[in-house]
Amino acid sequence: MNTILYREYKFKFYLNANHYILIQGKPGEAHPHTWEFAFDIIMNNEGFVQFNEYEKAIDAYFDKYQNRVMNDFAPFDTMNPTLENMSEIFIMEIQQIIDKLGGILVKMESSETPTRSYVLSFEKGKSFIDHLMTEQEDKIEEIVSTLVDQITEDEDE
């Protein structure tokens, strides 16, 4: 039985920002956090991985929020910027960034304390599994095509 390995990389980013929560329509006190966001990413190519491209793109995404008040940004100006709400917005936007760079976002782990994390994952979803199956089929086709070309060249010689 052949074992197929999917190599994932984990990138961690820290967001230093303030937020407040609306309680019964009234803003609570703004307070600082250092949130940690970790992304598990599968790389599409088997060659050299330019980690800095992923790091720069995700850093640029978070830069707009650094040292600011999260409530000043849409959609958090109308939605409480809880860890869960921020994570659900961030994962969809960062997935697009990673897709453009040729990676596949598997999951995102978010935390505001070292002892508790909120995890969002694509890995059990049908579209994610279908995507992996398509990737696998494409790789097999590529290998078969290469072998057929080599056999044909050897016969021609």
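An axis here is a line fitted to the C-alpha atoms of a helix over the stretch in contact, and an angle is taken between N-to-C directions. With that idea in hand, let's tour this predicted model.

**View 1. Two helices pack against each other.** Helices α1 and α2 meet at an angle of about 145 degrees, and their axes lie 10 Å apart. Their crossing is right-handed.

**View 2. Side by side, residues of α1 meet residues of α2**. From α1 come Y54, A57, I58, Y61 and F62, while α2 offers F90, E93, I94, I97 and I98. What kinds of residues make up this contact of α1 with α2? Nine are nonpolar, one is charged and none is polar.

**View 3. Four strands form an open sheet**. Follow the strands in the order β1-β4-β5-β6, and you will find antiparallel pairing. Which strands sit at the edges? They are β1 (8-19) and β6 (116-121), each of which pairs on one side only. On average, neighbouring strands of this sheet are turned by 20 degrees against each other, direction ignored.

**View 4. Strands β4 and β5 are joined by bridges**. Look for β4 at residues 31-43 and β5 at residues 103-113; the two run antiparallel, with eight bridges between them. To pick out a bridge pair, find A38 and then its partner in β5, E109.

**View 5. Both helices meet the sheet**. Helix α1 (residues 51-63) lies across β1, β4 and β5, and runs at about 20 degrees to β1. Helix α2 (residues 83-100) packs on the sheet too, touching β1, β4, β5 and β6. The direction of α2 makes about 155 degrees with that of β5.

Conventions. Residues are numbered from 1 along each chain as its sequence is written. This is a predicted model: local features need pLDDT of at least 70, side-chain atom pairs count only at pLDDT 80 or more; totals for chains, interfaces and linings use all residues. Side-chain values use heavy atoms; hydrogens and water are left out. Two strands pair if DSSP finds at least two bridges between them. Axes are lines fitted to C-alpha atoms, for helices over the stretch in contact, and angles run from 0 to 180 degrees between N-to-C directions. Contact means heavy atoms within 4.5 Å. A crossing is left-handed if the near helix is turned anticlockwise from the far one by less than a right angle, and right-handed if clockwise. Ala, Val, Leu, Ile, Met, Phe, Trp, Tyr, Cys and Pro count as nonpolar, Asp, Glu, Lys and Arg as charged, and the others, Gly among them, as polar.
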